[in-house]
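Reader: I am in my first year of study and would be grateful for a close look at one part of this model. Please take the helices that pack against one another and describe them with some care.

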Amino acid sequence: MAAARTEFKGGSRGRGPGSRFRAVGRALRLPVTGTARGIRRATHAHGAGESGLGKLIELHGVNGAGDVMITVALASTVFFSVPTDEARGRVALYLAITMAPFTLLAPVIGPLLDRLPHGRRAAMACAMAARALLALVLSGAVVTGGIELYPAALGVLVASKAYGVVRSAVVPRLLPPRVSLVKANSRVTLCGLLATGAAAPIGAGLQQVGPRWPLYGAFVIFAAGTVLSFTLPRKVDSARGEARALLAADEEHLPGPLRGRGRRPGLRTVGPAVTHALAANAAIRCLTGFLIFFLAFLLRVHPMTGQSAAVSLGVVGVAAGAGNALGTAVGAWLRSRAPEVIIVTVVAVVLGTAVVAAVFFSAFLVACLAAVAGFAQALAKLSLDALIQRDVPELVRTSAFARSETLLQVSWVFGGAVGIVLPLNGTLGLTVAAAIIAAGWLTTVRGLLDSARHGGRTRPRVA
């Protein structure tokens, strides 16, 4: 009887309402926990969990999600909420007040962070925390339209680029065994793209609730990123064996005041292959910055046939994002195979596409150009990473990554400024786009092919 009563009570407990509630709770949590476990398996694969790279990949995903929330809020406020002529003036003001100072500040970011090599986790956390607080400032400015919108946007931009510089410096410190730098960077970049794509519709939905809500979402995301920054391994703060790099091919290419100071400890050049690859990447970044701002206004005035301006911009944005993701995947597959030839090839393809789009201007060719530019940007950047890993001594490799990233960000800003001031003529705009990429290709193709013929055996000279 006692055993029967025990069985009966146990069975009753198993079939009681509490058990059913627990089962329902588990069923509701399963999509969230299952997704989280799947993300963790993907980010921590191939030794990334043990080395700490997995945590950086996740942090970069958080960064991308937060940035797109702020982008959605500012685009709706500065761009879509007013007539086209007024929107152009407001975006021009935004560029003048935010990006012009950033162009002056960006070259300072790399050297400043070089002087703080022991605080990379703190620097990334500060970049996250600053954007969290500025998101709250922007949440008031987007409603009132106050002048504080512009300095707050400048702060967000500077903090975002500072994070990018530090992140580029951190990746080499977290490489798992038998994982190349190119593959590691592609995994980090791909996670950021996926997070951006997932957060964009969420931000658009929050925008429908109210203009403040995407910024509230950004605050929460960046606050989480602040905490996650300190979960990175302590070794990212170590600067043992590092020195600063100069982005010059050799001693003869150094600026006049620096020439002849070769005995200074830590003053090193990166080699001709890297400088030519960096110039080609700068041309591509300049092109993408130009296309973002020029096409934003062009498609608002002249949308695709039968589509609204928002849909037209969405199509081009999806094409660019898909091209970028494909380039990242192809770059990880190619790894470091003939990086000079890859850069020359993708820049030539972009140039050819831009010329065709300028001569036979159409909405379809504009979308094709956006996709090809995104593909080329991702693949060329990964090839630049491979060259830095191959040709730059480990002593200055981390600094070379940080400084090259700063130069690429400045190039993007310059291209955006050209895009905003150009008349809204499709053929003219794409002709300018072709000229930008032609200048980058013609000035680097010979040097890159010469470097490819040497097979990377020529190492950079120590200045």
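What does the accessible surface of the protein chain come to, and what percentage of it belongs to carbon and sulfur atoms? After that, please turn to helix H10 and the helices it meets.

Author: The model is a predicted one. The accessible surface of the protein chain comes to about 20900 Å², and 67% of this area belongs to carbon and sulfur atoms. The protein chain has 463 residues, of which 50% are buried. Its secondary structure consists of 16 helices and 2 strands. If one takes the contacts between residues at least 6 apart in sequence, 83% of them join residues at least 24 apart.

Let us now consider helix H10, which covers residues 272-301. One of its partners is helix H13, residues 363-391. The axes of H10 and H13 come within 9 Å and cross at roughly 155 degrees. Angles over 145 degrees count as roughly antiparallel, and H10 and H13 are therefore roughly antiparallel to each other. Their crossing is left-handed.

The residues that form this contact can be named on both sides. H10 contributes Ala273, Val274, Ala277, Leu278, Asn281, Ile284, Arg285, Leu287, Thr288, Leu291 and Leu295. From H13 come Val366, Leu369, Ala373, Ala376, Gln377, Ala380, Lys381, Leu384, Leu387, Ile388, Arg390 and Asp391. Sorted by class, the contact of H10 with H13 holds 16 nonpolar, 3 polar and 4 charged residues.

A second partner of H10 is helix H12, residues 339-359. Here the axes come within 11 Å and cross at roughly 25 degrees. Because angles under 35 degrees count as roughly parallel, H10 and H12 are described as roughly parallel to each other. This crossing, too, is left-handed. In H10 the residues concerned are Ala273, Ala277, Ala280, Asn281, Ile284 and Leu287, and they meet Glu340, Ile343, Val347 and Val350 in H12. The contact of H10 with H12 divides into 8 nonpolar residues, 1 polar residue and 1 charged residue. The two lists for H10 may usefully be read side by side: Ala273, Ala277, Asn281, Ile284 and Leu287 appear in the contact with H13 and also in the contact with H12.

H12 in turn leads to helix H16, which spans residues 445-454. The axes of H12 and H16 come within 8 Å and cross at roughly 150 degrees. That angle makes H12 roughly antiparallel to H16. The crossing of H12 and H16 is left-handed. On the H12 side, Glu340, Val341, Ile343 and Val344 make the contact, while H16 supplies Val445, Leu448, Leu449, Ser451 and Ala452. By class, this contact of H12 with H16 has 7 nonpolar residues, 1 polar residue and 1 charged residue. Glu340 and Ile343 of H12 thus belong to the contact with H16 and are also met by residues of H10.

Some individual residues complete the picture. Leucine 351 lies in helix H12. With a relative accessible area of 17%, leucine 351 is buried, since buried means under 20%. Leaving aside neighbours within four places in sequence, leucine 351 is in contact with Ala434, Ile437, Ala438 and Trp441. The C-alpha atoms of leucine 351 and alanine 434 are separated by 5.7 Å, although the two residues are 83 apart along the chain.

Alanine 296 is found in helix H10. It is buried, with a relative accessible area of 16%. Between alanine 296 and valine 316 there are 9.4 Å in space, C-alpha to C-alpha, and the pair is 20 residues apart in sequence.

Alanine 371, in helix H13, offers another case. Its relative accessible area is 23%, and alanine 371 is partly exposed. Apart from neighbours within four places in sequence, alanine 371 is in contact with Ala319, Ala320 and Gly323. Alanine 371 and alanine 322 are 49 residues apart in sequence and 6.7 Å apart in space, C-alpha to C-alpha.

Finally, serine 411 brings the account back to the region of H10. Serine 411 belongs to helix H14, residues 394-421. It is buried, with a relative accessible area of 12%. When neighbours within four places in sequence are left aside, serine 411 is in contact with Ala282, Arg285 and Cys286. Of these, Arg285 is one of the H10 residues that meet H13.

Conventions:
Residues numbered from 1 in each chain as written. Predicted model: local features only at pLDDT ≥ 70, side-chain atom pairs only at ≥ 80, totals over all residues. Heavy atoms only, no water. Helix = DSSP H or I, 4+ residues; strand = E, 2+ residues; numbered from the N terminus. Buried < 20%, exposed > 50% of the residue type's maximum accessible area, 1.4 Å probe, protein only. Contact = heavy atoms within 4.5 Å. Areas by Shrake-Rupley, 256 points an atom, 1.4 Å probe, with all protein chains shown as cover. Axes fitted to C-alpha atoms, helices over the stretch in contact; angles between N-to-C directions. Parallel < 35°, antiparallel > 145°, perpendicular 65-115°, else oblique. Left-handed = near helix turned anticlockwise from the far one by under 90°. Nonpolar A, V, L, I, M, F, W, Y, C, P; charged D, E, K, R; others polar.
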